[in-house]
Amino acid sequence: MSKPHGGTLVNQIASDKKSERLKEEAQEMKNIKLDSGLRKDVQNIANGVYSPLTGFLKRNDFDWVLEESRLSDDTPWTLPIVLDITKQRRDELSEGEEICLETENGKPFATLDIEELYGFDKKRMAREIYGTEDEDHPGVQRTMNMNDHLVGGDIVQFKENSTDFEKFHLTPKETRILFKEKGWRSIVGFQTRNVPHMGHEYVQKTALSFVDGIFINPIIGKKKPGDYRDEVILDAYDTLMGEYYLKDRAVMSILEAEMRYAGPKEAIFHAIMRKNFGCTHFIVGRDHAGVGDYYGPYEAQDIFNKFPDLDMTPVHFKSFTYCEKCGGAVDGHICPHDDEHRENFSGTKMRNMFKDGKTPPEHMMRPEVAETVLEHDEKFVKEE
Amino acid sequence: MAEKNYTTVSIPKPLAKKVKKRMEGTGFNSMSSYVTYVLRQVISSMEEEDQTEDFSEEDEEKVKERLRALGYLD
């Protein structure tokens, strides 16, 4: 099993006793209300998903991440985890002060020890992370919509995690103990935000044949209109794994985080998070975490060559299709047949079939999985 | 700008020559970036060997209890 990134699994969750004390003290503190994305960041810091981070980045680390894709101690780190605030809020706060962080519903759930308050250049941040300043890019848009100032400092979360999916929510500490208990030494992580089709199963099982176990880790959080709803993805995977995977070889739990669509840099970030869950390998597909035509199809795979100290083995898959002559999912390395015999696993096509109440054909999706999807009245995220 | 702390390391000239030769065709555009890459690889593998990870027995038992309740463990 991989050691946590940076060497230590971070735990910034207060004990029962400390939680009670902090909750009481928090009533007297100034507060910042977080949106759901930032609340998830706090949870991920507290639970060790973002190890070695113990809080929101301070200026020096922020600059190192943008310029070097590393923290200031040289640890690989590609996306800045930051808390933005308005100018007005900045003027009300001071360095050295402890404040209360509230959920989107106004519930106090963590404290932040303000170590630094600083301004930042949004265009520079967009350029360094996304490789573009084009505001059509959802990540750039999100960056440009941020408040103008940042707060850096350690957080401490009160005892409870806030999740809508208790059954599927495991912390890195829990997955590490689970993998150890199962006797897994090599574990491949699979990132997803889709209902599984036969192509996904091919990739997962191909990778699984070389390791002890697979950790399927759907990302749960804000999605684009038209994407599958979280409940649909989880139910679909539950069905697939119940019918077609060995219980002793496959585990699924969720990752509550938001997609940034940062392509290659996000692929490294995704690998780091899975390393913290205990994975030794990570599946990186074509245009991983990409959007539009901003990144080359294999940029997210090539970037791993720049991080010899990541301690994660990327498992690269090129594109794969269904071949009617081979009778299954294939890639260019194993199938000698022409394109006329091949059919792409088109997620869009399958989504459109579901929208029309139709079932995708069996060679594209397991009938049980399709049935599970069809059981949901609301399958897709609606326009806000 | 990040506070960068670059430093100079002296290596024997014959070794530098070997490094330069080894670099050919790797895509690295300076000896510094190549040596940095190699050192990161070496140090990271050494750190990996050094690390230990322990949860207390009590902690582990609590976690296992939850994992059983959720159906992850029998």
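Guide: Let's start with a term we will need: two residues are in contact if their C-beta atoms, placed from the backbone, lie within 7 Å. By that test, and leaving out residues up to four places away in sequence, Glu299(A) touches Gly263(A) and Pro264(A). Please keep in mind that this is a predicted model.

Visitor: Where does Glu299(A) sit, and how far is Pro264(A) from Glu299(A) in sequence and in space?

Guide: Glu299(A) belongs to helix 11 (residues 299-302) of chain A. Pro264(A) is 35 residues away from Glu299(A) in sequence, yet their C-alpha atoms are 5.8 Å apart.

Visitor: Why is Glu299(A) called partly exposed?

Guide: There are 17 other C-beta atoms within 10 Å of Glu299(A). Buried would need 20 or more and exposed 12 or fewer, so a count of 17 falls in between and Glu299(A) is partly exposed.

Visitor: What makes strand 12 (residues 281-284) of chain A a strand with both faces covered?

Guide: Look at the two sides in turn. His281(A) and Ile283(A) lie on one side, Phe282(A) and Val284(A) on the other, and all are buried. Each therefore has 20 or more other C-beta atoms within 10 Å, and both faces count as covered.

Visitor: How do you know that strand 12 of chain A pairs with strand 8 (residues 187-192) and strand 13 (residues 313-316) of chain A?

Guide: Pairing takes at least two bridges. Strand 8 and strand 12 of chain A have two, in the parallel sense, so they qualify. Strand 12 and strand 13 of chain A have four, also parallel, so they qualify too. For single positions, Val188(A) stands opposite His281(A), and Ile283(A) has Val315(A) as its bridge partner.

Visitor: What makes strand 15 (328-331) and strand 16 (342-344) of chain A edge strands?

Guide: They belong to an open antiparallel sheet of three strands in chain A, in the order 15-14-16. Strands 15 and 16 of chain A each pair on one side only, and that puts them at the edges. Neighbouring strands here are turned by 45° against each other on average, direction ignored. Helix 8 (residues 198-208) of chain A packs on this sheet, touching strands 14 and 15 of chain A, at about 115° to the direction of strand 14.

Visitor: How do you know that strand 14 (residues 320-323) of chain A pairs with strand 16 of chain A?

Guide: Three bridges join them, and at least two are needed, so the pair counts. In this pair, Tyr322(A) is opposite Glu343(A).

Visitor: Why is chain A called as compact as a globular protein of its length?

Guide: Its radius of gyration is 21 Å, close to the 21 Å that the globule rule gives for 384 residues, so the description holds. Chain A has 13 helices and 16 strands, and 45% of its residues count as buried.

Visitor: How many helices and strands does chain B have, and how much of it is buried?

Guide: Chain B has three helices and zero strands, and 3% of its 74 residues count as buried.

Visitor: What makes up the side of chain A that touches chain B?

Guide: In chain A, 18 residues are in contact with 21 residues of chain B. Helix 3 (59-68) and helix 7 (172-182) of chain A each give two or more residues to that side, which divides into five nonpolar, three polar and ten charged residues.

Visitor: How confident is the predictor about chain A?

Guide: The average pLDDT is 92, with 99% of the residues scoring at least 70. Among the elements of chain A, helix 1 (residues 16-26) has the lowest mean, 88, and strand 2 (residues 55-56) the highest, 98.

Terms used:
Residues are numbered from 1 along each chain as its sequence is written. Chains are lettered from A and ligands numbered from 1 in the order in which they are written. This is a predicted model: local features need pLDDT of at least 70, side-chain atom pairs count only at pLDDT 80 or more; totals for chains, interfaces and linings use all residues. Axes are lines fitted to C-alpha atoms, for helices over the stretch in contact, and angles run from 0 to 180 degrees between N-to-C directions. Ala, Val, Leu, Ile, Met, Phe, Trp, Tyr, Cys and Pro count as nonpolar, Asp, Glu, Lys and Arg as charged, and the others, Gly among them, as polar. pLDDT is the predictor's confidence in each residue, from 0 to 100. The radius of gyration is taken over C-alpha atoms; the globule rule is 2.2 Å times the number of residues to the power 0.38.
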